[in-house]
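Here are my notes on the structure shown below. Please read them with the model open, taking the points in order.

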Amino acid sequence: MFTLYNSLSRTKQPFKPLHEGHVGMYVCGPTVYGDAHLGHARPAITFDVLFRYLRHLGYKVRYVRNITDVGHLEHDADSGEDKIAKKARLEQLEPMEVVQFYLNRYHHDMEALNVLPPSIEPHASGHIIEQIEYIKKILDAGYAYESCGSVYFDVEKYNRDHNYGKLSGRNIEDMLNTTRALDGQEEKRNPLDFALWKKAAPEHIMHWPSPWSEGFPGWHLECSTMGQKYLGEKFDIHGGGLDLLFPHHECEIAQSVAAQGHETVNYWVHNNMITIEGKKMGKSYNNFITLEQFFDGSHPLLEKAYSPMVIRFFILQAQYRSTVDFSNAALQAAEKALQKMTDSYRRLQNLTPAEKSSVEVPDFAKACEEAMEDDLNTPQVIATLFEASKLINSASDGSIKLSEEDIEKLKNTFNTYLIDILGMRIADDADNSAATKAYEGAVDLLMEIRGNAKAAKDWTTSDLIRDKLAALGFNIKDTKNGVEWSVK
Ligand code: ZN
């Protein structure tokens, strides 16, 4: 039975969808005003694995991941300038040019990380009408008020009837004690109130007409609106980074209860954060490393470039609810581990079956399944695959024998868990193009010539081939079964 940790109940719960065979999942997507960094990779990969796993379990999944292209403000949800509008103003671009530019780059990074595209990727700016309708419902229910052309959610009134703070476990009195009124907030009745609609200042370049003013919607509103539009008034999973739990997701719950009279989400799922050498990512630390910088090694904190699959493997080596600390040493360890796993995977494809296995082969698939069922315990899946790798390596060097049936089982386990569910891309094996075949054939031919030269004690030729191939980046290993080669 698949159990998933629910941030709302603060327990692991058996996963049961609302509609048999179908799962609706909403994940807060990126705000597209800059390049994606390591902090974006973790939720994308976490929910990609959940998406892949739910499909593996046989569910038809509708996965909605939004694009925040309006309403996410620079300093505070209720004041300051929209991040995209600011970028557009500074670079003298149409705001949607900024959005498209960074969205294209985001998609490119996600493709590199082998993150599957969601079923629907709605833009906040494309759902202004729906957001206005949603605000009207909250106003009609009496949980919002208009003030100077803006509309605010009345947190205190809501809390009298419901529970504002049920997701984060925060208490409204404590929140009030720690929240000071900020400049320009006097139009709110209470400092905890948040904007549903904001009247645009004259210099604001992104605004739409509404019954209250020419303005733009508050950030929290888009997810309530688009979640309901594409997944219904009740759906299974809402995900995002732990940093979104408060206030964003808390406000989403309040909005949907106010507008619909009931909650929307069955399972709230949050991935934990990534720190960089023990520090939070932040402008003051100058440690926002973009994914592109990881891929080409161009950030000063990086000792070298790291491939997208190393980043993915690194993230999956931790369970999604644990923190992950980035360092060059940790990434290089992940790179080595992934290389070992890849080598074993390749050896597995080339094993020669024996009549009978000489050892008992454990049920690795079952162990992987149990790990995934336990709240997506990906590090346990990886540990199990390493156990299986040991057997494969022993079979490859001839110290044990494996039957055809056992080899098939191992192949299925690796294909299901490493490739399909963890989403690791092992390029060379997937690529069976004529060019790859010809290239592999040519290297095999060089190995054969080297073997013949060795047999004839022509060391000059055999060393020449080995050294030149090594200089080109080939790894050549003499084993009992012949020569093995790979690209470093
Ligand atoms: Zn959201």
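**Notes on strands, helices and single residues**

1. Strand 6 (residues 150-153) and strand 7 are paired in the antiparallel sense, with three bridges between them. Within this pairing, Tyr-152 stands opposite Ala-195 in strand 7. Please keep in mind throughout that this is a predicted model.

2. Strand 7 (residues 194-199) has a second partner to look at. It pairs with strand 8 (residues 215-217), again in the antiparallel sense and over three bridges. Here Trp-197 is the residue that stands opposite Pro-217 in strand 8. How many of the six residues of strand 7 are buried? Five of the six are, and the strand is mostly covered.

3. Some totals for the chain may help with orientation. The chain holds 17 helices and 14 strands. Its C-alpha atoms fill a box of roughly 90 × 50 × 40 Å, taken along the principal axes. Of the 488 residues, 50% are buried. Among contacts between residues at least 6 apart in sequence, 74% join residues at least 24 apart.

4. A further sheet deserves its own point. It is an open sheet of four strands in the order 4-3-9-10, and the pairing is parallel. Strand 4 (60-65) and strand 10 (265-271) stand at the edges with a single partner strand each, so one side of each has no neighbour in the sheet. From one strand to the next, the twist averages 20 degrees.

5. Inside this sheet, strand 3 (residues 22-27) pairs with strand 9 (residues 235-241) in the parallel sense over three bridges. Tyr-26 stands opposite His-238 in strand 9. Helix 1 (residues 38-56) lies across strand 3, strand 4, strand 9 and strand 10, and runs at about 175 degrees to strand 3.

6. Next, a pair of helices. Two packed helices are described by the angle between their axes and the distance between the axes. For helix 10 (residues 308-316) and helix 11 (residues 328-349), the angle is about 100 degrees and the axes are 9 Å apart. The two helices are therefore roughly perpendicular to each other, a term that covers angles of 65 to 115 degrees.

7. Which residues make this helix contact? From helix 10 come Met-309, Val-310, Ile-311, Phe-313 and Phe-314. They meet residues of helix 11 that include Ala-330, Leu-331, Glu-335 and Met-341. By class, the contact of helix 10 with helix 11 has 11 nonpolar residues, no polar residues and one charged residue.

8. Thr-378 belongs to helix 13 (residues 378-396). Is Thr-378 buried or exposed? Its relative accessibility is 4%, so Thr-378 counts as buried, the cut-off being under 20%. The side chain of Thr-378 reaches the backbone oxygen of Ala-318 at 3.4 Å. Leaving aside neighbours within four places in sequence, Thr-378 is in contact with Val-49, Leu-316, Ala-318, Gln-319, Met-372 and Leu-422.

9. Val-487 lies in strand 14 (residues 482-487). With 38% relative accessibility, Val-487 counts as partly exposed. Not counting residues up to four places away in sequence, Val-487 touches Tyr-439, Gly-473 and Phe-474. The C-alpha atoms of Val-487 and Ala-470 are separated by 9.1 Å, and the two residues are 17 residues apart along the chain.

Notes:
Residues numbered from 1 in each chain as written. Predicted model: local features only at pLDDT ≥ 70, side-chain atom pairs only at ≥ 80, totals over all residues. Heavy atoms only, no water. Buried < 20%, exposed > 50% of the residue type's maximum accessible area, 1.4 Å probe, protein only. Contact = heavy atoms within 4.5 Å. Axes fitted to C-alpha atoms, helices over the stretch in contact; angles between N-to-C directions. Parallel < 35°, antiparallel > 145°, perpendicular 65-115°, else oblique. Nonpolar A, V, L, I, M, F, W, Y, C, P; charged D, E, K, R; others polar. Pairing = 2+ DSSP bridges. Polar contact = N/O pair within 3.5 Å; in protein donor to acceptor, adjacent residues only side chain to side chain.
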